[in-house]
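Take a look at the model below. The report that follows walks through its strands, sheets and helices, one region at a time.

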Amino acid sequence: MRALFFLVLLVSINAFAQSNLHVDFIQADADLSLSVSEKSISGDVIYQVEILQRTDTVYLDAIDMNIKPCEDEQANYSVSSSNKKIFFTGDFQKGKTYSFCINYEATPQQAMYFVPTTSKKIGQVWTQGQGKYTSHWFPSLDDQNQKMIFNLAIEAPSDYYVLSNGVLQNKAESNERIKWTYTMKKPMSSYLLALALGDFTSQEIESSSGIPIQLFLDKKYETNMEPTYRHTKEIFDFLEEEIGVAYPWEDFKQVAVKDFLYAGMENTGLTIFSEQFVTDSVGFKDLNYLNVNAHELAHQWFGNMVTATKSEHHWLHEGFATYYALLAEREILGEEYFYFQLYQWAEALKAESDKGKGEALLKSNASSLTYYQKGAWALHILREKVGPSNFKEAVKNYLEKYAYKNVETEDFLIEVEEVSKMDLIDFRLDWLRQVAFPADQALKSLRKSVFIPPLLELISLRETDLLTKKDHLSKFMTYPVDDFHASEAVSQLQNLDSPEAIRLYMKAFASKSWRVRQSIAKTLNTIPNKLLESYEGLLEDESYLTKENALLHLWGNVPSKRSVYLEKIKGDFGFYDKELRMLWLMLTLATQDFEPENTTSYFRELSGYTKKTYPVEVRENAFNYLYQLDTFTPDNYKDLISSCFHYKWAYAKFSRALLEELLKDRTHELNISELKNELLTKEKEYLSNLMKD
Ligand SMILES: [Zn+2]
């Protein structure tokens, strides 16, 4: 009878519970506990809900959770659940506010990740709501039109630093566990709810407007704090000023985590970003956090404060974040950078459009090129059309009018029309509804800059022979050079060794621009004798990318001096992904007369980088170099097989492709089959399937 009753109950609930339209969630107060060993989270949550129209059912999204009602004898509702939802049933009156309390336990299969690291014994735990659904770890509403205030208290082992949205109110320690209490004052959509735990160190700064900004890194990266977060205060101050609306939350925190799913995520008041952007001052030049830092921060207004109602308006998040990040970068990196980016985006958009793959900005589930870069271009054109001050005023009005609410594209455009007194019908057609990219308008806009016309002129010479264009190229390599123009000129020398080419290369070497010299390192891979001495100088440049390219090309071009080159780069590790170190290890192992006594330890080092405690960026590099050396240890094979199941899809795909490649070789195949008994069941099954083919 019990089962039957349950069935009837579910049927009756489903009829009513398809939407929460009659309900406004106000607040969620949670008292949670995290078990790192069990990879689970549990606790009590109290929801405050206002009833807009009489109803008998209110629901929450909750994926595969154990749900119990709280022990509350006064409850005027009952609680039931499926593997996707929690239902509160009762007679809920219009205009009244109700409190619902549940106890839950979840072992999330996605949206919350437990990640091993090389630091102490503890790893990291972090969440990703957007695209992965917060309802896997916290009973909430996946619909981004429902906003509420989240106040989370989270208890965790005391060696973890615990971060969440909002202001840290309290830390209470007992039995080697600490409870961290965070509170918020303004509502947000649940995809912006976040947790991040790890062995973090921090630095606190403050914006000019007085907002506390806390910057976090894993303790082992303590010395990278300044270069990693360089310009953070400038970006923050610039965005507050440029947007014209105060930062909409009480405080701002940022944390880098290992094996993050994306470049960064703009959780409210808490940007979580990939550790691949952790850098020292040398690496900063080639790969830094600047753009992602500004992009995620811009979302605090565009996306978090005003949130699109649905996917077709998603450009209101990504187009704005991309464009305002570019405006912030213009402040720091200059006009040339600004126009070069716009130019490159226009090229990419035009290429897709010419292939017939253009998308309207208002398409739902469009590509990121559409939402991000086409969105940014639409804003750039609109800003030029109505003028920067009208644009700024309209953005301000739009943000203030819809603060903490949901928006559609028209809400923004109406504000722009009101301020500018302009009719934007053509803009709507060309930039929002048209599938093709309006390349003519983009080009016309770009041509107004000082930077673009000479660049286009240079690019038009790509197919011209060197004798005809040599004077022209030479002009762009004359000190002081424009980095972007001169780099393009260098790339047009195309490894030529004629006297004209040599003369131009010499001029480029002497340009004093590290970026131009890097362009030589990247594009000149057959080194003429006359340029050897200058080329060797690239090994001294303060750029890991330049060093990587120079080392590889010198090692290949001049076998007699391999030991000299390897000695020069010894001890350099390069970026977070250890690319330079691993290239050096591989070349060292392939150079018989260089430190033969250390061959074993160098191989052990390279082979050790496939362990799961290393970031996927490092592991992927290590697998690539081991493949080139054609040497895998049993541990490397096992690491590769387990990597085929990694939650980072691109890394899993890489691992699967490499494993399939290895299995084509009889020796690798035999080595791998010998390991079968040491594998997990799912790994064994996967391997058996592969070997059948
Ligand atoms: Zn974004």
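In which sense do strand S12 and strand S13 pair, and over how many bridges? S12 and S13 (residues 177-183) pair in the antiparallel sense, over seven bridges.

First, some ground rules. Residues are numbered from 1 along each chain as its sequence is written. The model is predicted: local features need pLDDT of at least 70, side-chain atom pairs count only at pLDDT 80 or more, and totals for chains, interfaces and linings use all residues. Helices (H or I, at least four residues) and strands (E, at least two) are DSSP runs, numbered from the N terminus. Two strands pair if DSSP finds at least two bridges between them.

## A hairpin in the open

Back to S12 and S13. Ser 174 has Arg 177 in S13 as its bridge partner. The hairpin of S12 and S13 has two residues between the strands. Asn 175 in this hairpin takes a positive phi near 50°.

Is S12 buried or in the open? A residue is buried if 20 or more other C-beta atoms lie within 10 Å of its own, exposed if 12 or fewer, and partly exposed in between; C-beta atoms are placed from the backbone. S12 covers residues 167-174, and of these eight residues the number buried is zero, so S12 lies largely in the open.

## A sheet of four strands

Four strands form an open sheet with antiparallel pairing, in the order S8-S9-S15-S11. The edge strands are S8 (112-115) and S11, and each pairs on one side only. Neighbouring strands of this sheet are turned by 15° against each other on average, direction ignored. Such axes are lines fitted to C-alpha atoms, for helices over the stretch in contact, and angles run from 0 to 180 degrees between N-to-C directions.

The table follows the pairs across this sheet.

| Strand pair | Bridges | Residues standing opposite |
|---|---|---|
| S8 and S9 | four bridges | Tyr 113 and Trp 126 in S9 |
| S9 (residues 124-127) and S15 | two bridges | Val 125 and Leu 197 in S15 |
| S11 (residues 161-164) and S15 | four bridges | Ser 164 and Leu 195 in S15 |

Now look at S15 (residues 195-198). Which way do its residues point? Leu 195 and Leu 197 point one way, Ala 196 and Gly 198 point the other way, and all are buried. In a regular strand the side chains alternate between the two faces of the sheet.

## A sheet of five strands

Another open sheet has five strands, in the order S16-S17-S18-S20-S19. Its pairing is mixed. S16 (200-206) and S19 (264-265) are the edge strands, each pairing on one side only. S18 (residues 252-257) and S20 (residues 270-274) run parallel and are joined by five bridges. Val 257 stands opposite Ser 274 in S20.

## Two pairs of packed helices

Two packed helices are described by the angle between their axes and the distance between the axes. Helix H5 (residues 290-299) packs against helix H6 (residues 315-333) at an angle of about 130°, with axes 8 Å apart. That makes H5 oblique to H6. Angles under 35 degrees count as roughly parallel, over 145 as roughly antiparallel, 65 to 115 as roughly perpendicular and the rest as oblique.

Which residues meet here? Those in H5 include Leu 290, Ala 294 and Ala 298, and those in H6 include Phe 320, Tyr 324 and Ile 332. By class, this contact of H5 with H6 has nine nonpolar, five polar and one charged residues. Ala, Val, Leu, Ile, Met, Phe, Trp, Tyr, Cys and Pro count as nonpolar, Asp, Glu, Lys and Arg as charged, and the others, Gly among them, as polar.

Helix H23 (residues 616-629) and helix H25 (residues 649-663) pack at about 15°, with axes 11 Å apart. That makes H23 roughly parallel to H25. Val 616, Glu 620, Phe 623 and Tyr 627 in H23 meet Tyr 651, Phe 654 and Leu 658 in H25. By class, this contact has six nonpolar, no polar and one charged residues.

## A loop residue

Leu 424 is found in the loop between helix H10 (409-420) and helix H11 (425-433). Leu 424 is partly exposed, with 17 other C-beta atoms within 10 Å. Leaving aside neighbours within four places in sequence, Leu 424 is in contact with Leu 413, Val 416 and Glu 417. Contact requires C-beta atoms, placed from the backbone, to lie within 7 Å.

Definitions and conventions: Contact = placed C-beta atoms within 7 Å.
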